[in-house]
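Got your viewer open? Let's take a walk through this model, one selection at a time.

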Amino acid sequence: MTERLGRVIAVYGRRYRVAVDGRELECVTRGKKGGVACNDRVVVRETGADSGVIERVLPRDNLLWRSDEHRAKLLAANVDQVLVVTAAVPTPREELLDRSLVAAEAAGIRALIVINKTDLPETAAYIQRLSPYAELGYPLIPLSARTDVTPLRPWLVDRVSVLVGASGMGKSTLVNALVPQAQAATGETSEALDAGRHTTTHTRLYPLPGGGALIDSPGMQEFGLRHLGLAEVQAAFPEFRRLAGQCRFHNCRHLQEPDCAVRAAVDSGTILRARWRVYQDILRENAQIGH
Ligand SMILES: Nc1nc2c(ncn2[C@@H]2O[C@H](COP(=O)(O)OP(=O)(O)OP(=O)(O)O)[C@@H](O)[C@H]2O)c(=O)[nH]1
Ligand SMILES: [Mg+2]
Ligand SMILES: [Zn+2]
């Protein structure tokens with residue numbers, strides 16, 4: 001049968017839903033190839049009325065992905081921005097925020113921080129805590145997915161945005177508020193465990209009524225960045241980039257080297273120590289520094 005161009009709009013494990021000429025085909029890939037991400041542009045061969053095979057993935061503008069020691073986990077391709085969704089409740093692991101930002105930077109995708117659940121009293125202090133991120137260049141967008149999402153709307157027009165964050169932060173609630181017909185499942189968080197319940201199980205793209213699209217993804221616990229080399233990790237921290245050329249050694253790793261401008265900034269409080277720790281953790285995991 002004929003080959004057609006399509007766009008991947010949902011990823012369920014190794015099965016894919018592909019939009020082709022206004023129709024949706026259930027697809028698999030041929031053989032064990034590299035992997036397909038949500039919003040990939042693909043060439044599909046139809047194998048039945050509602051089914052097809054992805055023959056190949058067209059070149060990507062960008063790719064947001066995670067990786068651990070075993071494998072790559074593709075989040076989304078060809079996106080305009082990453083919306084890192086966080087909230088004061090359930091208590092987030094802040095590292096996840098930093099790692100999401102690093103992944104976006106390394107993929108060359110701009111990142112915004114959505115602080116959800118402003119209707120909760122805990123949120124005011126959390127917004128304060130995250131204010132240094134605005135100085136790093138990441139817009140902070142506080143809102144309540146339950147009561148008012150208008151602060152986010154202007155950021156979304158005609159853009160493809162992927163939502164990432166821990167379980168229970170309210171990504172799917174946000175999708176439902178912005179895409180009335182989405183009907184994405186949302187889940188109660190567990191107060192006892194102070195955690196989400198991993199309600200969303202697959203990645204899915206929802207077209208926005210005014211143009212653009214939102215990609216919802218399953219809540220993550222870890223954000224592995226094994227695929228990044230030293231230079232890429234360093235370049236993914238805007239606060240390090242500003243100090244480029246100011247360390248004594250041109251190849252300074254900003255660890256224990258003498259006269260390191262980054263460490264001086266950490267000691268003086270201009271760079272957040274927590275982010276410098278995340279930087280070291282990433283290098284350690286990737287075996288770029290010893291223990
Ligand atoms: N108070 C309050 N609760 C919210 C808000 N947004 C979402 N929630 C609640 O937070 C819980 C988790 O919401 P979900 O949208 O399922 O969270 P998620 O990020 O999609 O979670 P996963 O799919 O597991 O990754 C639900 O009980 C929501 O009703 C908000 O703005 N305020
Ligand atoms: Mg969800
Ligand atoms: Zn240095």
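Start by colouring everything by burial: of the 291 residues in the protein, 48% are buried. Keep in mind as you click around that this is a predicted model.

Now switch to a cartoon view. You should be able to trace eight helices and 13 strands. The radius of gyration is 20 Å, close to the 19 Å that the globule rule gives for 291 residues, so the protein is as compact as a globular protein of that length. If you draw a box around the C-alpha atoms along the principal axes, it comes to roughly 65 × 45 × 35 Å. Try showing contacts too: among those between residues at least 6 apart in sequence, 63% join residues at least 24 apart.

**Stop one: the magnesium ion**

Select ligand 2, the magnesium ion. Which protein atoms act as its donors? They are OG of Ser172 and OG1 of Thr200, lying 1.9 to 2.1 Å from the ion. Follow the chain between these two and you'll see that the pair links distant parts of it, 28 residues apart. Serine 172 belongs to helix H4 (residues 171–178), whereas threonine 200 sits in the loop between H4 and strand E12 (203–207). Are these two residues buried or exposed? Both serine 172 and threonine 200 are buried.

**Stop two: the cavity**

Next, turn on a cavity display. The structure holds one cavity of 30 Å³ or more, and the largest cavity has a volume of about 80 Å³. To see its walls, select Val84, Val85, Thr86, Pro92, Arg93, Leu96, Leu97, Ser100, Gly165, Ala166 and Met169. Two elements give two or more residues each to this lining: strand E8 (81–87) and helix H1 (94–106). Colour the lining by residue type and you get seven nonpolar residues, three polar and one charged.

**Stop three: a cis peptide bond**

Stay with E8 and H1 for a moment, and go to the loop between them, where proline 90 lies. Zoom in on the bond that joins valine 89 to proline 90: this peptide bond is cis, with omega near -10°. That's worth a pause, because most peptide bonds are trans.

**Stop four: two aspartates with positive phi**

Backbone angles have another surprise to offer, since most residues other than glycine have a negative phi. Pick aspartate 21, in the loop between strand E2 (15–20) and strand E3 (23–29). Its phi is positive, about 50°, although this residue is not a glycine. Aspartate 21 is exposed, with a relative accessible area of 57%.

Then jump to aspartate 158, in the loop between helix H3 (153–156) and strand E11 (160–164). Here, too, phi is positive, near 60°, in a residue other than glycine. Aspartate 158 counts as exposed because its relative accessibility is 60%, and the cut-off is over 50%.

**Last stop: proline 209**

Leave aspartate 158 selected and add proline 209. How far apart are their C-alpha atoms? The separation is 9.9 Å, although the two residues are 51 residues apart along the chain. Proline 209 is found in the loop between E12 and strand E13 (213–216). With 59% relative accessibility, proline 209 counts as exposed. Finally, light up its contacts: leaving aside neighbours within four places in sequence, proline 209 touches Leu178 and Pro180.

Note on methods. Residues numbered from 1 in each chain as written. Chains lettered and ligands numbered in written order. Predicted model: local features only at pLDDT ≥ 70, side-chain atom pairs only at ≥ 80, totals over all residues. Heavy atoms only, no water. 1 Å grid on protein atoms, 1.4 Å probe; cavity = no way out; pocket = protein on both sides within 12 Å on 5 of 7 lines; lining within 4 Å. Points joined across faces, edges and corners; volume = space filled by probe spheres on them. Helix = DSSP H or I, 4+ residues; strand = E, 2+ residues; numbered from the N terminus. Nonpolar A, V, L, I, M, F, W, Y, C, P; charged D, E, K, R; others polar. Donors = N, O, S within 2.8 Å, 3.2 Å for Na, K, Ca; no water. Buried < 20%, exposed > 50% of the residue type's maximum accessible area, 1.4 Å probe, protein only. Rg over C-alpha atoms; globule rule 2.2 N^0.38 Å. Contact = heavy atoms within 4.5 Å.
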